[in-house]
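Subject: Structure handover and findings

Dear colleague,

Please find below the structure that I am passing on to you. My notes on its charged contacts and its backbone follow.

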Amino acid sequence: MKITEIKPRRKRLSAVYIDGEFAVSLDTQTLIENRFDVGREIDDEDLHEIIKLSNERRAKEKALWLLSYREHSKKELEDKIRRTADEASAQKAVDRMEELGLVDDERFARHYAEKLLNSKHMSKRCIAFELTRKGIDKETAEQLCDELDIDVHEQIRAVIEKKYRNLSDEKVKRRAVAALQRLGYRWDDIKSVLSEYNEDETDEF
């Protein structure tokens, strides 16, 4: 087989033609580094190897691009890379990011837990659940949540003050209760805080 033409394409890709027919689109820099030039004779093994190298480079570039925006857990990063790369390339890219210290599940979990606590005012139980959804193992998630300094009543007040201040409106009050329960708070704690806003709070919810 002979490479008969290479045409530049978007996103740093090049279309490779073999024996006059389009064969595959590959990372341009990978082609250059491995001297895949027009006129070169290649076999199936050469083609499979260059495709593998191209996929690995693009997976690493995608990983770096994603991490430039924000920190990710290993699972989250791999899942995103796999949308445009094969499983092996995605795994190798994530492993490399971990080796470089750019991915650290425990560091990510701490930062993400603090974000959920301070911006979403979630309960420890809800935060632990969200961490596991990001790929953090259950034991680590629960341990990190146990370390969080949370004033449950203060968190509930923060949610109410942010979105549900008109508690004299029964519809607003019911929405507040439903939202707080979704955030993982127990009814006893919710009721206790609501009583601060309305001394006539009853058990009707």
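A salt bridge is taken here as a side-chain nitrogen of Lys or Arg within 4 Å of a carboxyl oxygen of Asp or Glu. With that criterion, D27, E33 and R57 form a linked network of salt bridges. Please bear in mind that the model is predicted.

Salt bridges

Across the whole structure, the search returns 22 salt bridges. Three of the pairs are described here.

Within the network, E33 and R57 are joined through their side chains, with an N to O distance of 2.5 Å. This pair connects distant parts of the chain, as E33 belongs to helix α1 (residues 28-33) and R57 to helix α2 (residues 44-69), with their positions 24 residues apart in numbering. E33 has a relative accessible area of 49% and is therefore partly exposed, given that the exposed class begins only over 50%. R57 is also partly exposed, at 21% relative accessibility; the buried class would require a value under 20%.

A second salt bridge brings together the side chains of E147 and R110, at 2.9 Å from N to O. Here too, distant parts of the chain are linked: E147 lies in helix α7 (residues 138-147) and R110 in helix α5 (residues 105-120), and the two are 37 residues apart. Both partners are partly exposed, with relative accessible areas of 43% for E147 and 33% for R110.

The third pair is contained in one helix. K75 and D79 are both part of helix α3 (residues 74-81), where a spacing of four residues corresponds to about one turn of the helix. Their side chains meet in a salt bridge of 2.8 Å, N to O. K75 is partly exposed at a relative accessible area of 41%, and D79 falls in the partly exposed class at 34%.

Backbone

Two residues other than glycine deserve a note for their positive phi values. For R12, phi is near 60 degrees. R12 sits in the loop between β1 (3-9) and β2 (13-18), and its relative accessibility of 59% places it in the exposed class. For D19, phi is near 55 degrees. D19 occupies the loop between β2 and β3 (21-27).

Which residues are linked in a network of salt bridges, should you wish to begin there? They are D27, E33 and R57.

Yours sincerely

Notes:
Residues numbered from 1 in each chain as written. Predicted model: local features only at pLDDT ≥ 70, side-chain atom pairs only at ≥ 80, totals over all residues. Heavy atoms only, no water. Buried < 20%, exposed > 50% of the residue type's maximum accessible area, 1.4 Å probe, protein only.
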